[in-house]
Amino acid sequence: MKAHVKYSTVVVGLIAASAALAQDYHINAADYGVTEFNFTVLGGENVDDATRKAECVGARIEDALSIPVNVFVAADYAGVLEGFLGGTVDMSELGASGYARIALTDPDAVEPVAVAQQLDGSTGYFSEILVRTDSGIDSFEDLEGRSFYFGDPDSTSGTLVPTVSFQMMGIDPSTYFSETGFSGGHEASVVGVFNGDFDASGTWISGQGSFEDGYTRGGLRKTVENGLVDISELKPVWRSAEIPEGPITVRQALPAEVKSAVQAAWLSFADEDPECLSVYAGEVLGYVEATHSRYEFIIEMRRDAFGG
């Protein structure tokens, strides 16, 4: 769908990490050969809620580029990754593992431009395994012989990090758990545990705020806000080490001027449109510059775990 809501152009102060530099980042992308722009949202949340949260971002990028922006919600992570590789997706907020998969497939396909900054200034999050409070499971060790479902195959917190963590514990999921599978996404993981479809699954959390609120942001928080579960019937039994927050990623083949304008729109998000920022990203300080080097160890982790 197209982001039809228009915001007036405002001359803003783009704050660099080392100095304040006043600069208007708005351009006419058509001057650089780009006449429309595709912003695709990762799957994992129901389409209506994901679309509602992303529409104001589409309008913001539309204003920055002065061309139509199409906002799509992908059915799964693979659709976004293949879209980048095929040149049909121009921008998305990827998970670190999804970014790694693209980098391993084609190092020249994408580049990161921004990353969400948590309330404490960090740019990381966690994977947390959830169970029902009445499950009789009180620790990770209690999961032996119970069913465990991973998230989307390309999810960092739902699949890659649990997989590598299990390997480091000397655990073979196929024998340790009574049943394994893939839920398909963060929302499905949380709802599946809540409904008793499987005993445990992992989702992403900010790790800040209280569990009772679903933390400040993450897959659990979104599911609670969408009214799909009663969080009092869930509890955590395991948390990973910190994971790099996934980057706002753009197609590398886009003109440099377009990529620069998109990056500036994200870096000035908190100052210019805090309401949209809250709707889209939850409780964050804003977005800061992202670099490929931040994800190099995730790329190697994915290569070792899955071979690509």
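**A walk from the pocket to the salt bridges**

The largest pocket here has a volume of about 760 Å³. Keep in mind, as you look around, that this is a predicted model. Thirty-nine may sound like a crowd, but that's how many residues line this pocket, with Glu93, Trp204, Arg217, Lys222 and Tyr280 lying nearest its centre. Several elements chip in at least two lining residues each, among them strand E3, helix H1 and helix H10. Helix H7 gives the largest share, five residues. As for character, the lining splits into twelve nonpolar, 16 polar and eleven charged residues.

Next, find helix H3, residues 96-105. Eight of its ten residues are buried, including Tyr99, Arg101 and Ile102. What do the buried residues of H3 pack against? Their partners are helices H2, H4 and H11, along with strands E6, E12 and E13.

Now for the charges. Side chains of opposite charge can pair when their charged atoms come close. This structure holds 16 salt bridges. In one of them, Arg251 meets Asp90 at 2.9 Å, N to O. Arg251 sits in strand E13 and Asp90 in the loop between H2 and E5, so the pair ties together parts 161 residues apart in sequence. Both of these residues are buried.

Arg132 and Glu233 make another salt bridge, with their closest N and O atoms 2.8 Å apart. Since Arg132 belongs to strand E7 and Glu233 to the loop between H7 and strand E11, this pair ties together parts 101 residues apart in sequence. Arg132 counts as buried at 16% relative accessibility, while Glu233, at 26%, counts as partly exposed.

Finally, Arg101, which is one of the buried residues of H3, joins Glu82, Asp154 and Arg302 in a network of salt bridges.

How values were computed:
Residues are numbered from 1 along each chain as its sequence is written. This is a predicted model: local features need pLDDT of at least 70, side-chain atom pairs count only at pLDDT 80 or more; totals for chains, interfaces and linings use all residues. Side-chain values use heavy atoms; hydrogens and water are left out. Buried means under 20% relative accessible area, exposed over 50%, partly exposed in between (1.4 Å probe, protein chains only). Helices (H or I, at least four residues) and strands (E, at least two) are DSSP runs, numbered from the N terminus. Contact means heavy atoms within 4.5 Å. On a 1 Å grid over the protein atoms alone, a cavity is a set of points where a 1.4 Å probe fits but cannot get out, and a pocket is an open set with protein on both sides within 12 Å along at least five of seven lines; lining residues have an atom within 4 Å of a point. Grid points are joined across faces, edges and corners, and a volume is the space filled by probe spheres set on the points. Ala, Val, Leu, Ile, Met, Phe, Trp, Tyr, Cys and Pro count as nonpolar, Asp, Glu, Lys and Arg as charged, and the others, Gly among them, as polar. A salt bridge is a side-chain nitrogen of Lys or Arg within 4 Å of a carboxyl oxygen of Asp or Glu.
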